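New to this one? Take a moment with the picture below, and then we'll walk through a few of its contacts together.

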Amino acid sequence: MSKMKLCVLCCHYTNEAMPEELADIPAEIHIKRFPCSGRIEVVDILRAFEDDAEGVLVAGCERNSCHNRTGSLRAAKRVEAARELLKEIGFNPQVVQMAFVPRLDTGAFIEEVKKLFEIILKTKS
């Protein structure tokens, strides 16, 4: 049985986790970093599914601490737009999650990836 594939789209400030720090999660995890989560577009989220991801996590800075002021809020709106599109075509919108994590807090970031893994497991059962 192949491993579950997850995609994490995040800004440089929300993730410094090394691959070995995510090794406890039994999934193939692809991380794509952007200069700011506000630069993540709906097409980036949908492209992750096209590339066989079963779940996508968009991680941005906590509200009111975004380096670019509103980047993470823009990302959250795009996550909602992606969820609406997925719902319209019959997919479970829960396969896309948004997380606001403290800047450079690797532990919080890893916890959000674990939450996504658990959500995807539940959607598959």
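## Charged pairs and a strand pairing

Let's start with a count: there are 6 salt bridges here. Keep in mind as you look around that this is a predicted model.

**A link across the chain**

One of the salt bridges joins the side chains of Glu-54 and Lys-124, with N to O at 2.8 Å. Glu-54 sits in the loop between helix H1 (42-50) and strand S3 (55-61), while Lys-124 belongs to helix H3 (residues 106-124), so this pair ties together parts that are 70 residues apart in sequence. As for how covered Glu-54 is, its relative accessible area is 27%, so it counts as partly exposed.

**Pairs within a helix**

Now for two salt bridges whose partners share a helix. Here they are side by side:

| Salt bridge | Closest N and O atoms |
|---|---|
| Arg-83 with Glu-80 | 3.3 Å |
| Lys-115 with Glu-112 | 3.3 Å |

Where do Arg-83 and Glu-80 lie? You'll find both in helix H2 (residues 71-88), and because they are 3 residues apart there, about one helical turn separates them. Helix H3 holds the other pair: Lys-115 and Glu-112 are also 3 residues apart, about one turn of the helix.

Which partner is buried in each pair, the basic or the acidic one? In H2, Arg-83 is the buried one: its relative accessible area is 16%, and buried means under 20%. Its partner Glu-80 comes out at 41%, so it is partly exposed. In the H3 pair, Glu-112 is buried, with a relative accessible area of 18%, whereas Lys-115 is partly exposed at 47%.

**Strands side by side**

Let's leave the charged pairs and turn to the strands. S3 runs parallel to S4, and the two pair over 6 bridges. If you'd like a spot to look at, try Val-58, which stands opposite Met-98 in S4. To get from S3 to S4, the chain passes through H2, and this β-α-β crossover is right-handed. That makes H2, the helix that holds Arg-83 and Glu-80, the connection between these two strands.

How many residues of strand S4 are buried? Strand S4 (residues 96-101) is mostly covered, with 5 of its 6 residues buried. As a general point, side chains in a regular strand alternate between the two faces of the sheet.

Technical notes. Residues numbered from 1 in each chain as written. Predicted model: local features only at pLDDT ≥ 70, side-chain atom pairs only at ≥ 80, totals over all residues. Heavy atoms only, no water. Salt bridge = Lys/Arg side-chain N within 4 Å of Asp/Glu carboxyl O. Helix = DSSP H or I, 4+ residues; strand = E, 2+ residues; numbered from the N terminus. Buried < 20%, exposed > 50% of the residue type's maximum accessible area, 1.4 Å probe, protein only. Pairing = 2+ DSSP bridges. Right-handed = clockwise from strand over helix to strand, strands pointing away.
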